[in-house]
Amino acid sequence: MKTLFCACELGVFEHLQGSQSSASDLALALGCSEDGIERLLNTCVSLELLTANTDPHGAVLYSNTEMSSMFLLKSSPRSLCQSIEYSSRTIYLCWHYLSDAVREGKNQYEKAFGVNSKDLFEAMYRSDEEMVKFMHLMNSIWNICGRDVITAFDLSPFRCICDLGGCSGALAKQCVSAFPESTVTIFDLPKVVRTSQQHFVSNQDERICFCEGDFFKDELPQADLYILARILHDWTDQRSVELLAKIYQSCRPGGGVLLVEALLYEDNSGPLTAQLYSLNMLVQTEGRERKASDYSRLLSAAGFTHIQIHNTGKIYDAILAHK
């Protein structure tokens, strides 16, 4: 991972956009040592992030792979650059204290950043810069993965949808695109809403609106369907049931809730991505990744019935439950 972080931070993929270059030319352009950049480039070739070809004069020329052009260029609509930057500068610092997290069973924000994590999102949004970086992270995730989870079920009967913790609005955009008769209200903290309106959601997104609040403390807007996308994995079982019960009370008759999460296998043997995410929840939050049966139990405890599980075969899965 650190190799990827380094190559992105130095601008390797940006410099190679639509062209190829030798290690010496790249070193000069990026202000790096030729020896150091050559080692980095060759490692990126082995990671299949770059290709290397020898020209007629014997010089080795490096270029981006198709995958790198799609995900590692800032100009790409499917860019993961913001996500990678957040992982490098925030998540990776928490992982430095993984051993402590395993010993103590709690997140490591205080050691990593010197901030109290009693209020989880006050710690995560400890500065406007950190909040914007996190919003870019979520925006890039749902730009790539949102369509699969939003279309896992036919949501067209749900005309009024509320995306709790909807952040940048990327998933709301996927929702109104897939279901043109629906409207989506993004419910999030006031400072998140303001930032989303300024930087992510434009006036042209007419079927998306906002409501400011804390979903644990404030009244929820009434809706036919509530979306919790990568929300419950931040919280303990007790807090999750508390939120789901509140949603159940606000939900209109015949409505429901859509959960989007990375599901663990029932025997806890995988998938590896979900297992790693669960360790990430340990170092960063109060929560964990869960099995489908775990979410079914939490939903049932809150009063929801007719629980349907849809494994997408991708990173994130979908669960639909009804009131």
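Here's a quick briefing on some helix packing, cysteines and buried residues in this structure. Keep in mind that the model is predicted. Two helix pairs come up, α1 with α6 and α3 with α4. After those come the cysteines, where the disulfide count is zero, and then a mostly covered helix, α11. Two buried residues, T90 and A318, round things off.

**Helix α1 against helix α6**

- Helix α1 covers residues 2-10 and helix α6 covers residues 81-95, and their axes sit 9 Å apart.
- The angle between this pair is about 125°, so α1 and α6 count as oblique to each other.
- As for handedness, α1 and α6 cross in a left-handed way.
- On the α1 side, the residues making the contact are K2, L4, F5, C8 and E9. Their partners in α6 are I84, S87, S88, R89 and Y92.
- Sorted by class, the residues of this α1 and α6 contact come out as five nonpolar, three charged and two polar.

**Helix α3 against helix α4**

- Helix α3 (residues 23-30) and helix α4 (residues 34-46) have axes that come within 9 Å.
- They cross at roughly 115°, so α3 and α4 are described as roughly perpendicular.
- The crossing of α3 past α4 is right-handed.
- From α3, the contact uses A23, S24, L26, A27 and L30. From α4, it uses E34, I37, E38 and L41.
- The class split for α3 with α4 is six nonpolar residues, two charged and one polar.

**Cysteines**

- How many disulfides does the structure hold? The count is zero.
- C8 is in no disulfide, and the nearest cysteine sulfur belongs to C81, 5.4 Å away. A disulfide here needs two cysteine sulfur atoms within 2.5 Å, so C8 and C81 don't qualify.
- C8 also turns up among the α1 residues that meet α6.
- C251 is in no disulfide either, with the nearest cysteine sulfur, that of C160, 10.0 Å away.
- Is C251 buried or exposed? Its relative accessibility is 3%, so C251 counts as buried.

**Helix α11**

- Helix α11 runs over residues 170-178 and is mostly covered, with seven of its nine residues buried.
- Those buried residues are A170, L171, A172, Q174, C175, V176 and A178.
- What covers the buried residues of α11? The cover includes α10 (128-150) along with the strands β4 (160-164), β5 (183-188), β6 (208-212) and β7 (223-229).

**T90, a buried residue in α6**

- T90 is found in helix α6, the helix that packs with α1.
- At 0% relative accessibility, T90 counts as buried.
- Leaving out residues up to four places away in sequence, T90 touches Y109, F113, R126, E130, K133 and Q284.

**A318, a buried residue in β10**

- Where is A318 placed? It lies in strand β10, which spans residues 317-322.
- A318 has 0% relative accessibility, so it counts as buried too.
- Residues up to four places away in sequence aside, A318 touches V149, A152, F153, L258, L259, Q308, I309 and H310.
- A318 and A101 are 217 residues apart along the chain, and their C-alpha atoms are separated by 29 Å.

Note on methods: Residues are numbered from 1 along each chain as its sequence is written. This is a predicted model: local features need pLDDT of at least 70, side-chain atom pairs count only at pLDDT 80 or more; totals for chains, interfaces and linings use all residues. Side-chain values use heavy atoms; hydrogens and water are left out. Axes are lines fitted to C-alpha atoms, for helices over the stretch in contact, and angles run from 0 to 180 degrees between N-to-C directions. Helices (H or I, at least four residues) and strands (E, at least two) are DSSP runs, numbered from the N terminus. Angles under 35 degrees count as roughly parallel, over 145 as roughly antiparallel, 65 to 115 as roughly perpendicular and the rest as oblique. A crossing is left-handed if the near helix is turned anticlockwise from the far one by less than a right angle, and right-handed if clockwise. Contact means heavy atoms within 4.5 Å. Ala, Val, Leu, Ile, Met, Phe, Trp, Tyr, Cys and Pro count as nonpolar, Asp, Glu, Lys and Arg as charged, and the others, Gly among them, as polar. Buried means under 20% relative accessible area, exposed over 50%, partly exposed in between (1.4 Å probe, protein chains only).
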